[in-house]
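Good morning, colleagues. I would like to use these few minutes to discuss side-chain contacts in one structure. Please take a moment to look at it before I begin.

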Amino acid sequence: MERLIVVSAILPVHLQKEGREYTVKVSPGGLVTALKQALHHRKAIWVGWAGITGSISRKLKERILEEGKKEGFLLYPVSLTEEERENFFDGFSNGIIWPLFHTFQAYARFEPPYWKAYRQVNKKFAHLIKKISSPEDLIWVHDYHFFILPEYLDKLGLKNRRAFFLHIPFPNPELFFKIPWRIDMLKGLLKYDLIGFHTYIDRKNFLQCITEIAEDVDPDSTEPVVTIRFENRQVKVGVFPISIDFEYYDSFARDVRPPDKKTKIILGVDRLDYTKGLIHKLKAFRYFLEKYPQYRCKVRLVQAVAPNIKKLPEYDSLKVEFEHLVSEINGKFGTDRWTPVQYIASRIPFEKLVSYYRYSDVCWVNSIKDGMNLVGKEYAASNVDENGVLLLSEFAGAATELNNFSLLINPYDIEGTAVSIYRSLTIPAKERKSKMRQMRNHIKRFDIRWWTNTFLETAFGKKIEDFPPLEDDIPLHEILQFP
């Protein structure tokens, strides 16, 4: 029987050491959230890092298995040394690919040990996949950590069909070719049977990068899926904009209580990351309060900033600058009864988040660069009263889908964004409801099930329903038999 093996950098749950004990936590991040919605309660085998360095005992593997079963998966943790974790995650993945692919090339650090660790960890993942897989299994690999994984699968003799989806943007050649190991990365990617991107722009950038090494490449094709040739193989390259579980957000939102709302609310939900345009957002909001003083004491920005698990100095500096700006704005404009910026320095619990989504007047996504950004889709799915407005950066992947239903902004344009804030608060009710209704209908049609099935059918000729459901009584030896 064909099984689905899912590969991502981290598992949907991870171990965290607290004192002498380990606790199991749900992993943060849009990738994990989306895949959990896509694969819920299917007997998918999920391979990834468990969050701790060193070997993982049988007892901890059992705990990971039990927590994984609650989420509907068979989890296989990969062990990494501290050096591998540092150079693979903080080094190559988050110190080179992440900033460069998001157009922050000044933050990229091209250190040779990073590339060595990237190869080493991809090889380690390949060896685990070989131990747990059968020849008929289908391998679905996710994100920028595994460009070269197929190279090691081939060396181990694995001929399984394999597909890859990139959850972040793909840069243009001028940026990508700055990477010293760029050709190895491209050749590694071209060993997948299907390569998927969020947008046509990302795919065009990728196809432009491979014009010298692959055949039948047409970067300007408007077909959702194109076929190219590389080393006597056919490789499909497609556009698959990821989405959310619309029905889940919609039904949950109908039962939530409204937050304390004495003013109009502009909602921001972000991770602490330089890609999210947080500083630009605060500067634009400050300019809005200066330009439109009549809105003082009548509107507030509720900005949630979840901590970033990446331990890099750029995020420490960003946090300091952001909090300084919050204090400056609140000190300049605030009163005894009104705080312009309500800063929530944590991840908002789901029920409260959906409550904010439903009752906020505006949701503001200000990304400098984003692969997709699902906040706008979550907001629309939760906005069951159809009273909200989405203020959306034109540099978020979601803008290619939702541009007709939202107000697009350029986050670098502080004055223009301030004007757009004003527009978002003054749109006539009829127009507001019409745009939100159209956006909700679009997201309902092209939801996470559409994304999953479209990708899997293109890659393997299968739908997610074709894979068996997860039984409750999985014997432990199924997951504990490997080293």
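I shall speak about salt bridges and then about aromatic pairs. Please bear in mind that this is a predicted model.

Let me begin with the charged side chains. The search of the whole structure returns 32 salt bridges. I have selected a few of them.

In one of these, R119 is paired with E151, and their closest N and O atoms are 2.7 Å apart. This contact links distant parts of the chain, since R119 sits in helix α4 and E151 in helix α5, 32 residues apart. Are the two partners buried or exposed? E151 has a relative accessible area of 14%, below the 20% cut-off, and is therefore buried. R119, at 22%, counts as partly exposed.

Next, consider R162 and D154, whose side chains form a salt bridge with an N to O distance of 3.2 Å. Here R162 is buried, with 4% relative accessibility, whereas D154 is partly exposed at 30%.

The third example is D385 with R358, a salt bridge at 2.7 Å from N to O. It too links distant parts of the chain: R358 belongs to helix α12, D385 lies in the loop between α13 and β15, and 27 residues separate them. The relative accessible area of D385 is 28%, which makes D385 partly exposed; R358, with 15%, is buried. In addition, salt bridges with shared partners connect D250, R254, E386, R437 and R440 in one network.

I turn now to the aromatic side chains. The structure contains 46 aromatic pairs. Why is the pair of W115 and W181 classed as stacked? The ring centres are 5.5 Å apart and the planes meet at 10 degrees, so the pair is stacked. W115 is in helix α4 and W181 in the loop between α6 and α7, 66 residues apart. Both tryptophans are buried: W115 at 9% relative accessibility and W181 at 14%.

A contrasting geometry is found for Y295 and Y422, an edge-to-face pair with 6.1 Å between centres and 85 degrees between planes. Because Y295 lies in the loop between α10 and β12 and Y422 in helix α15, this pair ties together parts that are 127 residues apart in sequence. Y295 is buried at 13% relative accessibility, and Y422 is partly exposed at 29%.

Finally, W115 and W181 also belong to one aromatic cluster, whose members include W49, F88, F89, F92, Y118, F125 and F146.

Thank you for your attention.

How values were computed:
Residues are numbered from 1 along each chain as its sequence is written. This is a predicted model: local features need pLDDT of at least 70, side-chain atom pairs count only at pLDDT 80 or more; totals for chains, interfaces and linings use all residues. Side-chain values use heavy atoms; hydrogens and water are left out. A salt bridge is a side-chain nitrogen of Lys or Arg within 4 Å of a carboxyl oxygen of Asp or Glu. Helices (H or I, at least four residues) and strands (E, at least two) are DSSP runs, numbered from the N terminus. Buried means under 20% relative accessible area, exposed over 50%, partly exposed in between (1.4 Å probe, protein chains only). Rings of Phe, Tyr and Trp (its six-membered ring) pair if their centres lie within 6.5 Å; planes under 30 degrees apart count as stacked, over 60 as edge-to-face and the rest as tilted.
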